[in-house]
There are 2 protein chains.
Amino acid sequence: MTPTTMQQAALAARYGAAVPTAGPWNATIAGMLDHRSVRGYRQAALPSGTLETLMAAAQSAATSSNLQTWSVVSVEDPAARAVMADVAGGQKHILECPLFLVFLADIGRNDRMGIEEGTPLAGMPYLETFLVAAIDAALAAQNAVVAAESLGLSTVYIGALRNDPQKVAETLGLPPGTAGVFGLCVGYPKPGAEGEVKPRLPQSIILHRGRYDASAETTVRAAYDTEMSSFSQRNEMAADTWTARVIARIGTIKALRGRDRLAAALNALGFQLK
Amino acid sequence: MTPTTMQQAALAARYGAAVPTAGPWNATIAGMLDHRSVRGYRQAALPSGTLETLMAAAQSAATSSNLQTWSVVSVEDPAARAVMADVAGGQKHILECPLFLVFLADIGRNDRMGIEEGTPLAGMPYLETFLVAAIDAALAAQNAVVAAESLGLSTVYIGALRNDPQKVAETLGLPPGTAGVFGLCVGYPKPGAEGEVKPRLPQSIILHRGRYDASAETTVRAAYDTEMSSFSQRNEMAADTWTARVIARIGTIKALRGRDRLAAALNALGFQLK
C-alpha cells in the first residue's frame, strides 16, 4: 500500500464510514491509530531495560506545575497479581502479562515533604489536588502506552482496580495520600488476542467548534450503533449496539461493581476531596 | 551523535545525574523524551487537516468500556480566547497559539442518550463516572500532544481553566454534565520560547517494585532540589529548589486560585460526585 492508502485504511478502521479529513501523518501517528487493548498475553519476558524506557517516556509527559504527584508500582509477586486480578473481577491477563503496573495518584509524597519542611501543604485536602494527581497519572501512563506500542508491545488499562482501592493499597503497601487509579498490562499478545481496531464515535460529535453543539448526536449515534454492532459480531461478542453496551455498563448501581463507593474509599486512603 | 549517544543525552536531559538504565529506544520514544511545555507561540497557521489528525490520535487512546465520556471544544473566537486567558490568570499564549483546545469531561452525552432511550443511567451521579471522564480526557489529550510534537508542533496544558469551570462552561455553551478539565495550546514556538527539557524526579522514587518504598525520598529530593535550582537559574527564573516551588504552589489556599471551590463548581455543572 502507498502511504496515502495506509493512512486512509487507518482512518477507516478507526471511524468506519465517518472518515475525517486526512491531515498530516507519520509513523508515530500511524502507531497511535493502530491501538488495540489486548486481553491475552504470551509468557515471554520483555527486553532488558523496557520498564526503565517506559518510565522515562511516562515521566516526560507534562505534570501540573511540575508537582509530579503520581507514582507506579510494578507488581511482580504472583500472590499480589492474584489479588489485583481478583479485585478486577477475575481478569486473567493480569496474571499472564510479563509487566503489570499500577499507576498511583500520589499526593502523599509531597505531603510528607511539606511536613518535613515544617510547612504542611494547605492544598492537600482538596478535590483539585486529587484530580491533578489522577490526570497526571493518566498523562504519564498514556506516554508509557505509546512507547510500549512503538516497541511492538501491547497493553490494556485496568480501571477495575477502582472496584476496591483499599485492597489494592493494602496489597502494595501504599502510604496515606496514595491510591491506585488504574492498572496497566504490558506484553506480547497471544496468537488470536491481537484484536481489531475499535471504531470510535465520529469526530462530528466529539469535536466542537467554538461552542458545544449536541444537535447531531441522535443521528450520529444511530449510525455508530450499526458500526459497533458489526464490530461486535466480527469479534465474536454478542452483536450489541454501542447504546446497549453503555446502558449495560452504567445503567445500574450494580454494574459499577463497588465503584459507587469510590469517594468513601479515597477518603479512607487520605484524600479528603473537599 | 551516534544513536546510543543521543539516547544517553536524552536521558541525561530528563534526569540530570540520575540517569536510568538505557533500554529499548526509537524515534517515537526520543520524541516523547524531548517534550517541553511552550508558553510563547508564533502566529503561524497549522497545516490543513492538523486538527483532524490530532483528534484521530486522541480518539485512538483507550477509553474506559468504550464510554467515550470526553469531548473537545476548539476555541477560535478572540473574545472567547480572552475569557479563557483571563480565567487562567492572564496566560497570553492562550491568545497567541493558532489552536486552543478545551478538553471536557463529558458525561452529559451518555446521560442524554439514556434519557432518550428511556433508561436514565444510574451510574451518572458518582465520583467514579466523573473520574473516568477526566482520565479518558487526559489519555486522549496526551495522544494529541504526542501526535502534535511528532509533527514538529509544541504544546502546553492549561490546568488553570479549573480556576473557574463555570465561566468556561458559560463561554463555550456547555450542556449539563460537561466541564472543561484543562486546555491545550498548540502551535509553533516563538524564537527563544522553545525551552529546555525539564528534569524530573529520579525513577528510584517514582517507580516502586512490588511494594511502595518511601525510604530514599528525603535524600533523593535533596539531589533533585540542586538539579532544579540549576535548571531554574539557566532558564532565567529565580533559582528556586523544587521543594520551594511545590510549597509555593500548594502551600496555601490562596495559591489554589479558586480551585478550592472545584467540587462546588462541578456540582453546579451537573456532576454530583457522590
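Two strands are taken to pair if DSSP finds at least two bridges between them. In the predicted model described here, this criterion applies to strand β3 (residues 154–158) and strand β4 (residues 178–187) of chain A, which run antiparallel and are joined by five bridges. Within this pairing, A:Ser154 of β3(A) has A:Gly187 as its bridge partner in β4(A). The side chains of β3(A) are divided between two directions, with A:Ser154, A:Val156 and A:Ile158 pointing one way and A:Thr155 and A:Tyr157 pointing the other, and the residues on both sides are buried. Because five of the five residues of β3(A) are buried, the strand is largely enclosed by the rest of the structure.

The arrangement of the two chains was examined by superposition. Chain B can be laid on chain A with an RMSD of 0.0 Å, by a turn of 180° and a shift of 0.0 Å along the axis. This is the relation of a two-fold axis. Of the interface residues of chain B, 100% are also interface residues in chain A, so the copies meet through the same surface.

A residue with contacts in both chains is B:Leu104, which is placed in strand β2 (residues 99–106) of chain B. With a relative accessibility of 0%, B:Leu104 counts as buried, since the term covers residues under 20% relative accessible area. When residues up to four places away in sequence are not counted, B:Leu104 touches A:Tyr212 of the other chain and, within chain B, a set of residues including B:Thr69, B:Trp70, B:Ser71 and B:Val73, as well as B:Ala137 and B:Leu174. The contacts of B:Leu104 also include B:Thr178, B:Ala179, B:Gly180 and B:Val181. By contrast with these contacts, B:Ile94, ten residues from B:Leu104 in sequence, lies 17 Å away in space, C-alpha to C-alpha.

B:Arg36 is found in a loop of chain B, between α2 (27–33) and α3 (50–59), and is partly exposed, with a relative accessible area of 25%. The side chain of B:Arg36 is joined to that of B:Asp34 by a polar contact of 2.8 Å, while a polar atom of the B:Arg36 side chain lies 3.3 Å from the backbone oxygen of B:Gly195. Leaving aside residues up to four places away in sequence, B:Arg36 touches B:Glu149 and B:Thr155, together with B:Glu194, B:Gly195, B:Glu196 and B:Val197. B:Gly195 thus appears both among the residues touched by B:Arg36 and as the source of a backbone oxygen facing a polar side-chain atom at 3.3 Å. Between B:Arg36 and B:Leu262, the separation is 226 residues in sequence and 28 Å in space, C-alpha to C-alpha.

Technical notes: Residues are numbered from 1 along each chain as its sequence is written. Chains are lettered from A and ligands numbered from 1 in the order in which they are written. This is a predicted model: local features need pLDDT of at least 70, side-chain atom pairs count only at pLDDT 80 or more; totals for chains, interfaces and linings use all residues. Side-chain values use heavy atoms; hydrogens and water are left out. Copies are superposed by least squares on the C-alpha atoms of residues with pLDDT of at least 70 in both. Contact means heavy atoms within 4.5 Å. Helices (H or I, at least four residues) and strands (E, at least two) are DSSP runs, numbered from the N terminus. Buried means under 20% relative accessible area, exposed over 50%, partly exposed in between (1.4 Å probe, protein chains only). A polar contact is a pair of N or O atoms within 3.5 Å; within protein, one must be able to donate a hydrogen and the other to accept it, and residues adjacent in sequence count only if both atoms are side-chain atoms.
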